[in-house]
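Student: Could you take me through one part of this structure slowly? I'd like to see how two helices meet and what the aromatic rings around there are doing.

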Amino acid sequence: NLSVVNPENQDDVKPEQILTLAERFPNVMKADAREQLHLEILDYVSTNLEALVPNYKDLPVDEFWGKLSKVRSVSSGKLRFSELCQLMKVLLVLPHSNCGVERAFSIVRHIKTEFRSQMSHQTLVNLMSCKINKFIDTECYEVEVSGKLLKSAKQAATKNNESLQQK
């Protein structure tokens, strides 16, 4: 459950929840850091966050963890929540769904049809880039195309047509 990432849920956090999440990402933590993470979690759940990060409830979650990652222990001077913050930062960048990937595959299916089966990889990448990064506030007929681009496109089309005729 990723609700542990939200500092407003601090009172509901159980150390086992975070440790279970950490086990799902073994490459994030060193093998010997589990005990340190456990200690940091216990410290985190018992700490007055307002004293460490003033107005933390008004901050975006990622900004909160960024600020908390800079808090140092008064006694040792070491980062107080280094392992915990590292884990939380990784959890914050996880995609929330796979719709972006599904959208990309859908675009590929629309671009690379049976009539375009011999399309080169680079052409596919270029067409996908155009499709994915289409003009947001501009209609295609409103885009001004430079003469240099038109000339390059015409040369490429002519070259492609010539290569097809030779086959």
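Student: And before we zoom in, what radius of gyration does the protein chain have, and what would a compact globule of 167 residues have?

Tutor: Sure, overall picture first. This is a predicted model, where local features need pLDDT of at least 70 and side-chain atom pairs count only at pLDDT 80 or more, while totals for chains, interfaces and linings use all residues. Residues are numbered from 1 along each chain as its sequence is written, and side-chain values use heavy atoms, leaving out hydrogens and water.

Now your question: the protein chain has a radius of gyration of 26 Å, but a compact globule of 167 residues would be near 15 Å (taken over C-alpha atoms; the globule rule is 2.2 Å times the number of residues to the power 0.38). Those C-alpha atoms fill a box of roughly 75 × 35 × 30 Å along the principal axes. The chain has 8 helices and 0 strands (DSSP runs numbered from the N terminus: helices are H or I with at least four residues, strands E with at least two).

Let's zoom in on helix H2 (residues 34-45) and helix H5 (residues 82-92), whose axes come within 7 Å and cross at roughly 90° (axes are lines fitted to C-alpha atoms over the stretch in contact, with angles from 0 to 180 degrees between N-to-C directions). That makes H2 roughly perpendicular to H5, a label for 65 to 115 degrees. On the H2 side, the contact (heavy atoms within 4.5 Å) is made by Gln-36, Leu-37, Glu-40, Ile-41 and Tyr-44. H5 brings Ser-82, Glu-83, Leu-84 and Leu-87.

Keep an eye on Tyr-44, as its ring pairs with that of Phe-81 (centres within 6.5 Å make a pair). Their centres are 6.4 Å apart and their planes at 85°, so the pair is edge-to-face, meaning planes over 60 degrees apart. Tyr-44 lies in H2 and Phe-81 in the loop between helix H4 (61-68) and H5, so the pair ties together parts that are 37 residues apart in sequence. Both Tyr-44 and Phe-81 are buried (under 20% relative accessible area with a 1.4 Å probe, protein chains only).

Phe-64 and Trp-65 also pair edge-to-face, at 5.0 Å centre to centre with 75° between the planes. Phe-64 is buried at a relative accessible area of 0%, and Trp-65 counts as buried at 0% too. Put together, Tyr-44, Tyr-56, Phe-64, Trp-65 and Phe-81 form one aromatic cluster.

Note on methods:
Parallel < 35°, antiparallel > 145°, perpendicular 65-115°, else oblique. Phe/Tyr/Trp six-rings, centres within 6.5 Å; stacked < 30°, edge-to-face > 60°. Buried < 20%, exposed > 50% of the residue type's maximum accessible area, 1.4 Å probe, protein only.
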